[in-house]
Amino acid sequence: MVKPGLTLLLTGLLLACSAMPQQSETVYQQVGGLSGIYTITDRFISRIEQEPRILKFFKGSDVARFRTHFAQHLCVETGGPCEYQGESMQVVHQGMNISESDFNLTVELLINAMQDAGVPYTTRNKILAELAPMRASMLYR
């Protein structure tokens, strides 16, 4: 016969384990797959539209094209099944002369967009860690 206290303890452990992200879950899965990627992307674009210091870099840009390529890029960097079909970061940012201040503000907008989309803090940090190596390809080009 199983004691009631032991049953309650085992039930609690099972419930706690089911609420934790799986070890093998990719960041792509943690953000909710392609739907989550587009939610982050749309909120990022919205924040850019409200920030004149960053919006100036998008004058004359095709927002729909940016949306598609940013989402593809984010999908790839989070371990998703997408294929990035845009230009390299160096080519995309050529002639923009993006300063460190501009870059940092853009990262802040992305962080806020991810937070608005409900992306957990640890997942946001994983995404930023994947994107960080591209920094040098974007600055002062």
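Let's start at Gln 30, which touches Glu 25, Thr 123 and Lys 126, leaving aside residues up to four places away in sequence. The model you are looking at is a predicted one. From Gln 30 we can move on to a pair of packed helices, then to the largest pocket, whose volume is about 830 Å³, and finally to two residues with a positive phi, Asn 97 and Tyr 140.

**Around Gln 30**

- To find Gln 30, look in helix α2, which covers residues 27–30.
- One of the residues that Gln 30 touches, Thr 123, is also joined to it through the side chains, by a polar contact of 2.9 Å.
- Thr 123 falls within the span of helix α8, residues 121–131.
- Val 119 is 89 residues away from Gln 30 in sequence, yet the C-alpha atoms of the two are 7.9 Å apart in space.

**Helices α7 and α8**

- Helix α7 runs over residues 100–116 and packs against helix α8 at an angle of about 145 degrees.
- The axes of α7 and α8 are 11 Å apart, and the crossing of the two helices is right-handed.
- On the α7 side, the contact is made by Val 107, Leu 110, Ile 111, Met 114 and Gln 115.
- On the α8 side, the residues in the contact are Arg 124, Ile 127, Leu 128 and Leu 131.
- Sorted by character, the residues of this contact between α7 and α8 are 7 nonpolar, 1 polar and 1 charged.

**The largest pocket**

- With a volume of about 830 Å³, the largest pocket is lined by 30 residues.
- If you want to find the centre of the largest pocket, look for Phe 58, Phe 66, Phe 70, Val 92 and His 93, the lining residues closest to it.
- Helices α7 and α8 turn up again here: along with α5 (63–77), α6 (89–93) and α9 (135–138), each supplies at least two residues of the lining.
- The lining of the largest pocket is made up of 19 nonpolar, 6 polar and 5 charged residues.

**Two residues with positive phi**

- Asn 97 is not a glycine, but its phi is positive, at about 50 degrees.
- You will find Asn 97 in the loop between α6 and α7.
- Tyr 140, also a residue other than glycine, has a positive phi near 50 degrees.
- Tyr 140 sits in the segment after α9, and α9 is one of the helices that supply residues to the lining of the largest pocket.

Notes:
Residues numbered from 1 in each chain as written. Predicted model: local features only at pLDDT ≥ 70, side-chain atom pairs only at ≥ 80, totals over all residues. Heavy atoms only, no water. Axes fitted to C-alpha atoms, helices over the stretch in contact; angles between N-to-C directions. Helix = DSSP H or I, 4+ residues; strand = E, 2+ residues; numbered from the N terminus. Left-handed = near helix turned anticlockwise from the far one by under 90°. Contact = heavy atoms within 4.5 Å. Nonpolar A, V, L, I, M, F, W, Y, C, P; charged D, E, K, R; others polar. Polar contact = N/O pair within 3.5 Å; in protein donor to acceptor, adjacent residues only side chain to side chain. 1 Å grid on protein atoms, 1.4 Å probe; cavity = no way out; pocket = protein on both sides within 12 Å on 5 of 7 lines; lining within 4 Å. Points joined across faces, edges and corners; volume = space filled by probe spheres on them.
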